[in-house]
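User: Could you take a close look at one part of this protein for me, the packing of its helices? I would like a connected walk through it rather than a list.

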Amino acid sequence: MQDLTIVGVVASPQPGGRTATALSAMLAGAEAAGATTRLVELADASLEEVTALMDGADAVVFGSPVYRASYSAHLKQLLERTERGRHGEGTAPLRGKATALVMTGASGHHFLATDGLRAVLATFFAAQTLSPALYLDHKDFTEDKGLAPGAEELARTHGTALVDLTAAVRTSVSLRGLEPLV
C-alpha cells in the first residue's frame, strides 16, 4: 500500500488547547500505523490553506471543542465554505474520503454533539466517517493539559483504525464513488 496522508484540522478558537492535544495523540496512532500526518489549527491558518490540505489528503480528522451542544463556529465556517462538487462547484475535497472526529467537552454529557457533525460529513459531503467518534472530557486530561494514559491509548487506537478505514476507502471504487445525499 502506498503512503497515506492524514490531515488533522483543529477548529478551536485558541491554538494549543485540549482538542489539539487529543487530535495529536490520534495522529500519533496513525503515524505508528504507517501514515504521514499533518496537524493544522484553524486559528493559525486561512480557510483556503486548510481546504487545499484537505483536498490533497487521503483522510481528514476534524477536532473541535463542544460549545452549546455543537461543534465550533470555526469548523462550521470551514464546512460552509467547503465545496462538494455539486451545483457548479469545481472541487469536492471531502467526497469519497475517510474522515474522523475528535471532540472535547467539559463533561461526558455533551458526547452526542458528535452525531451532528458525523451526519453532515456522511450525508452532505459523502465522506466515510470513522465510528464512533473520539470524545474526551476534562477527566481525560492531566492538570498540564496532557492526556491521561487511558485516553491517550484510546486516541492512538482511533488513529490506527482511521488508517485501516482510509486504506479501505482508498481501494474501493464504490465507496469513493458515492454522491452526497442532496
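Analyst: Happy to help; here is a walk through one helix and its partner, then a second pair, and finally some unusual backbone spots. Please keep in mind that this is a predicted model.

Let's begin with helix α2, which spans residues 47–56. Its buried residues are L47, V50, T51, L53 and M54. Looking down the axis of α2, you would find these buried residues within an arc of 160°, so they line one face of the helix. In general, an α-helix has 3.6 residues a turn, so residues three or four places apart point the same way. Turn to the other side of α2 and you meet E48, A52 and G56, which are exposed.

What covers the buried residues? The cover of α2 includes the strands β1 (5–10), β2 (36–41) and β3 (59–65), together with helix α3.

Helix α3 takes in residues 73–81, and its axis lies 11 Å from that of α2, at an angle of about 65°. The two helices, α2 and α3, are therefore roughly perpendicular to each other, and their crossing is right-handed. On the α2 side of this contact are L47, V50, T51 and M54, and they meet Q77, L78 and R81 of α3. Sorted by class, the residues of this contact are 4 nonpolar, 2 polar and 1 charged. L47, V50, T51 and M54 also appear among the buried residues of α2.

A second pair of helices is worth setting beside that one. Helix α1 (residues 18–32) and α5 have axes that come within 6 Å and cross at roughly 50°. That angle makes α1 oblique to α5, and here too the crossing is right-handed. From α1, the residues in the contact are A22, A25, M26, A28, G29 and A30. Their partners in α5 are E152, A155, R156, H158, G159, T160, L162 and V163. By class, the contact of α1 with α5 has 8 nonpolar, 4 polar and 2 charged residues.

Staying with α5, which covers residues 149–171, let's pick out T166. Its relative accessibility is 1%, so T166 counts as buried. Leaving aside residues up to four places away in sequence, T166 touches L4, D58, A59 and A98. Between T166 and L130 there are 9.3 Å in space, C-alpha to C-alpha, although they are 36 residues apart in sequence.

Now for the backbone in the loops. Most residues other than glycine have a negative phi, and most peptide bonds are trans. Against that background, three places deserve a look. S131 and P132 are joined by a cis peptide bond, with omega at about 0°; P132 belongs to the loop between β5 (128–129) and β6 (134–137). H87 is not a glycine, yet its phi is positive, at about 50°. You will find H87 in the loop between α3 and β4 (98–105), and with 70% relative accessibility it counts as exposed. A126, also a residue other than glycine, has a positive phi near 60°. A126 sits in the loop between α4 (113–124) and β5, and at 3% relative accessibility A126 counts as buried.

Notes: Residues numbered from 1 in each chain as written. Predicted model: local features only at pLDDT ≥ 70, side-chain atom pairs only at ≥ 80, totals over all residues. Heavy atoms only, no water. Axes fitted to C-alpha atoms, helices over the stretch in contact; angles between N-to-C directions. Helix = DSSP H or I, 4+ residues; strand = E, 2+ residues; numbered from the N terminus. Parallel < 35°, antiparallel > 145°, perpendicular 65-115°, else oblique. Left-handed = near helix turned anticlockwise from the far one by under 90°. Contact = heavy atoms within 4.5 Å. Nonpolar A, V, L, I, M, F, W, Y, C, P; charged D, E, K, R; others polar. Buried < 20%, exposed > 50% of the residue type's maximum accessible area, 1.4 Å probe, protein only. Arc of directions from axis to C-beta.
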